[in-house]
Amino acid sequence: MMTTDKVSIDTIIAMCKNRGFVFQGSEIYDGLANTWDYGPLGVELKNHIKQLWWREFVTTNDNSVGLDGGILMNRNVWVASGHVGGFADPLMDCKDCQTRTRADKLIESHDENINADGWTNQALEAYINQHHLVCPKCGKFNWTPIRQFNLMFETHRGVTQNNTDQIFLRPETAQSEFINFTNVQRSMRLKVPFGIGQIGKAFRNEITPGNFIFRTVEFEQMEHQLFCHADDAMAHYEKYKQKIWNFITNTLGIRAENLRFHDHEKLVFYAKAACDMEYHFPFGWGELNGTHHRGVHDLTNHQNLSKKSMEYLDPMTNQKFIPTVIESSQGLERLFLAILCDAYHTETLADGDTRVVLKLNPILAPYQICVLPLQKKGLTETATQLYRDLQQQFTVTYDDAGSIGKRYRRQDEIGTPLCVTVDYDTLNDQAVTIRNRDTMEQTRVKIADLPAKVIDIFTSYNKKKNIL
Ligand code: GAP
C-alpha cells in the first residue's frame with residue numbers, strides 16, 4: 001500500500017464542502033467574502049476540539065476557572081487595551097490593478113524567515129523597494145504609500161440614527177478576562193497564581209483575509225490567561241508553551257514534524273516574551289497559536305482608565321501587587337484546518353484502487369462509529385437497535401445506502417475510525433464485524449463485548465503512533 005499525505009488547499013476546500021465540514025457563507029447570494037458556515041461534520045469536529053481544550057486548560061488545569069464574556073463591551077475597554085488607538089494593518093494598493101495588499105505579509109511571503117509584524121511603515125517600504133516586491137495579482141511595481149487600517153468591527157448601539165453610541169465587536173476574547181479579574185478572584189476566592197479560560201467569537205476586519213478559514217473576519221478563540229507574580233512569570237510562560245505543544249501533539253495527535261515554535265524577536269514594549277506555534281499548512285508555515293507574556297500592561301491600563309483597583313493582596317506576604325499575565329491564545333478554526341490537513345491521506349491499495357482516508361484521532365472524529373446493515377432486508381431492526389445502544393456511549397452514524405465497499409469509503413473520507421457491520425450471521429451468533437479505518441482489517445466481535453472492544457481500540461490509538 002502506498003500512502004501520501006501531500007494535499008493542496010483546494011482539495012481540502014472541496015472535501016470540506018462535499019462532505020459537510022465547511023460551506024461558503026451566504027453561498028446562495030454569491031457569498032460574503034471571507035465568511036464560512038460550518039456544516040454537520042464541521043460543527044461536530046469543532047465541538048470536540050473545544051471540549052478537549054476546555055478540559056486541558058480549564059477543568060483539569062490547577063486553579064483555573066471558566067468565563068463566558070459578552071461580545072459587546074463598553075468602548076473604554078478597547079481604549080484601555082490600546083485597540084482603539086493602534087490595532088491596525090499596514091496596507092498599500094496596487095495603482096495598476098487596485099489590489100489591496102498587506103505590506104508585512106508580502107515581505108513574509110517573499111522570505112519566510114522574516115516576521116515583519118510590528119515593523120514601521122518606513123521599514124516596510126524600504127524593504128519592498130529594495131527587493132522590488134511586485135503586486136502578487138498583476139506583477140507590476142506601482143504601490144501607493146502604506147497606510148494603517150483599524151481592524152475592529154464598528155457597530156452602533158441606540159434606537160435612533162442621531163443618538164447612537166459607537167461600540168465594537170470584540171477583536172479578542174482576552175479583555176473579558178482582564179476586566180473581570182477582580183470579580184472572578186473575589187467570587188471564587190482564588191489565590192494567585194490562578195487562570196481564567198474562555199472560548200468565544202472574535203471579529204477582525206481583516207483587509208487581506210484568505211487561505212480558506214486560516215484568516216477570516218469572524219472566528220473563535222480559545223484563550224487562557226494566567227495571573228501570577230512577576231517573579232514566577234517566565235517559569236509559567238515556559239510551562240504554557242510546553243502545555244499547548246503537548247495538547248496539540250499528544251492529545252490531538254497532530255504530527256510534531258509539521259509543527260514548530262517561532263519566538264518573536266520584536267516584542268511590543270510591555271511584553272517580556274512571545275512565541276507562536278506554527279503549522280506547515282499546504283500554503284506554507286502559518287501561525288497556529290500564541291503564548292504571550294503580557295506583563296502588567298492590561299490590568300494596569302484598565303485600573304488607570306476605570307479608576308477601579310486591579311491589585312491583589314497576597315494573604316501570605318501582605319504584599320499588594322498587580323499580577324502579571326501569561327496568555328495562551330488559540331484560534332479554533334486554524335486548529336480545525338491543521339487537524340484536517342494533517343489527517344488527509346491518499347492511499348493506493350494492493351489492487352490498484354485508491355482511497356482517501358482522514359486519519360483523525362477517534363476523540364476528534366465527527367463520528368466514532370458507523371453502523372451498517374449488510375442488507376436492509378431483515379437486518380434493519382437489529383442494526384437500528386445496535387445504533388441506538390452505541391449512541392449512549394459514542395458518537396455514531398448509520399448508513400444503509402449503496403454497496404458495503406462504497407459505504408466503507410464514505411466513512412474513510414470523513415474519518416470515522418470504526419465501521420460495525422450487521423449481517424445475517426448476527427441474527428444467530430449475536431456478533432458483528434468491526435472494520436478498522438486505518439488497517440482495513442475486519443474482526444468479529446460479540447455485540448455484548450463491543451463497547452469494551454471499541455474503548456480498547458480508541459485507548460491504544462495514541463500509543464500506537466496514531467494508528468487504530
Ligand atoms: N489575545 C491575544 C490575541 O488575540 P493574536 O495573535 O492576535 O493574539 C491569537 O490571536 C490567535 O487567534 C492566533 O494565533 C490565531 O490562531 C487566531 N486568529 C487571529 N486572527 C485570526 C483571524 N483573522 N482568523 C482566524 N484566526 C485568527
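## Domains and salt bridges

Across the interface of domain 1 and domain 2, zero residue pairs are found in polar contact, both residues being at pLDDT 80 or more (N or O atoms within 3.5 Å; within protein, one able to donate a hydrogen and the other to accept it, with residues adjacent in sequence counting only if both atoms are side-chain atoms). The rule does find one salt bridge there, meaning a side-chain nitrogen of Lys or Arg within 4 Å of a carboxyl oxygen of Asp or Glu.

This is a predicted model, where local features need pLDDT of at least 70, side-chain atom pairs count only at pLDDT 80 or more, and totals for chains, interfaces and linings use all residues. Residues are numbered from 1 along each chain as its sequence is written, and side-chain values use heavy atoms, leaving out hydrogens and water.

Let's look at the salt bridges, of which the structure holds 28. Three of them are listed here.

| Pair | N to O distance |
|---|---|
| K46 and E220 | 3.7 Å |
| E206 and R102 | 3.7 Å |
| R294 and E172 | 3.6 Å |

K46 is buried at 6% relative accessible area (buried means under 20%, exposed over 50%, partly exposed in between, with a 1.4 Å probe and protein chains only). Its partner E220 is buried too, at 8%. E206 is buried at 9%, and R102 at 8%. For R294 the relative accessible area is 8%, so this residue is buried; E172 is likewise buried, at 8%.

Elsewhere, a network of salt bridges links E347, R355, K359, D412 and R435.
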